[in-house]
Amino acid sequence: MTDREALGTDREYLRARQYKDPQNLSARMALHAKYSRADVPWYAWLVGRVDWPEDGRVLEVGCGSGALWVNVAALLPHLRRTLTDLSEGMVAAAAAAVAPLAPLELADARTCDAQDLPFDDASFDVVVANHMLYHVPDPRLAAAAFARVLRPGGVLLAATNGPRHLRAIADVSRATLGWSSLDCTDGRFGRSTGEEILRTAFGSVTWHDHPSTMVCTDPEDVIAFIASSPAGQDASPEQRVALREAVEVRFAAEGGQMRVTTESGCFVAT
């Protein structure tokens with residue numbers, strides 16, 4: 001594994017820099033929020049993969065800014081949620097965002113390692129891992145931890161991306177910065193690799209594809225997305241100039257827009 005690849009699972013880097021607070025994640029989420037088009041929006045689609053039990057206990061591992069619950073509160077029954085993340089800043093932001101949301105009770109919010117969850121066996125009805133398992137050093141350990149804390153009949157929702165996800169953006173990053181943070185996602189835990197990993201701890205694993213399209217119309221949004229990534233954070237001034245020029249050339253070549261392939265979905269495991 002190269003040093004660049006290692007950043008994606010370096011817990012100190014993730015905790016203290018990339019996800020110290022929601023700023024970088026929000027920059028990337030903003031691109032999807034502005035340009036992704038689907039018959040059912042991502043968050044509503046994701047929670048639609050599960051029959052949520054009234055008063056159910058739910059654990060979200062890698063909660064980020066809490067955006068999932070902000071977007072779906074009106075769609076769900078009363079749930080008792082426990083939110084966790086590696087980053088103290090993310091946990092604080094998520095707790096502040098979701099605490100007022102009825103009928104979703106905030107039972108707990110704490111920092112922890114997904115590979116070693118500090119909860120009793122059979123504690124939760126649903127575990128959610130939304131686009132985070134590719135940041136875990138050993139996703140198999142995390143899968144085992146998820147299975148341990150789920151009650152009999154409980155469900156894991158593990159969202160991730162496929163190898164073609166945001167390929168146009170990855171190409172621009174690679175051409176100007178030398179690499180893209182998207183390069184390693186599928187190999188760590190993605191559509192191609194996730195089923196094999198989850199089957200080490202779960203008997204049933206099913207992939208669900210979320211069909212969507214993306215046509216970006218403002219180069220600044222694409223530049224902000226790449227700049228927020230590990231590759232962009234470490235870019236030199238010269239590389240940042242080259243990045244801007246490459247994005248603008250791409251938009252000009254496509255008549256003032258940039259078509260971006262998306263390939264996201266989730267594994268449902270029991």
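**Entry 1: Ser 180**

I began with the side chain of Ser 180 in this predicted model. A polar atom of that side chain lies 3.1 Å from the backbone nitrogen of Leu 182.

I then located Ser 180 in the fold. The residue sits in a loop, with helix 8 (167–177) before the loop and helix 9 (185–189) after it.

Is Ser 180 buried or exposed? I found a relative accessible area of 3% for Ser 180, which is under the 20% cut-off, so the residue counts as buried.

Next I looked up the contacts of Ser 180, leaving aside neighbours within four places in sequence. Ser 180 is in contact with Ala 170, Ser 173 and Arg 174.

**Entry 2: The chain**

I turned to the chain and noted 13 helices and 10 strands. The radius of gyration is 18 Å, and the globule rule gives 18 Å for 270 residues; the chain is therefore as compact as a globular protein of that length. Along the principal axes, I recorded a box of roughly 55 × 40 × 35 Å for the C-alpha atoms.

I also examined how contacts are distributed along the sequence. Among contacts with a separation of 6 or more, 79% join residues 24 or more positions apart.

**Entry 3: Surface and charge**

I noted that 50% of the 270 residues count as buried. The chain exposes about 11,800 Å², and carbon and sulfur atoms supply 50% of that area.

Last, I looked up the charges. The chain has 26 positive and 35 negative charges, and the mean positions of the two sets are 2 Å apart.

How values were computed:
Residues are numbered from 1 along each chain as its sequence is written. This is a predicted model: local features need pLDDT of at least 70, side-chain atom pairs count only at pLDDT 80 or more; totals for chains, interfaces and linings use all residues. Side-chain values use heavy atoms; hydrogens and water are left out. Helices (H or I, at least four residues) and strands (E, at least two) are DSSP runs, numbered from the N terminus. The radius of gyration is taken over C-alpha atoms; the globule rule is 2.2 Å times the number of residues to the power 0.38. Buried means under 20% relative accessible area, exposed over 50%, partly exposed in between (1.4 Å probe, protein chains only). Contact means heavy atoms within 4.5 Å. Accessible areas come from the Shrake-Rupley method with a 1.4 Å probe; for residues, only the protein chains shown count as cover. Lys and Arg count as positive and Asp and Glu as negative; His and the chain ends are not counted. The place of a charge is taken as NZ of Lys, CZ of Arg, CG of Asp or CD of Glu. A polar contact is a pair of N or O atoms within 3.5 Å; within protein, one must be able to donate a hydrogen and the other to accept it, and residues adjacent in sequence count only if both atoms are side-chain atoms.
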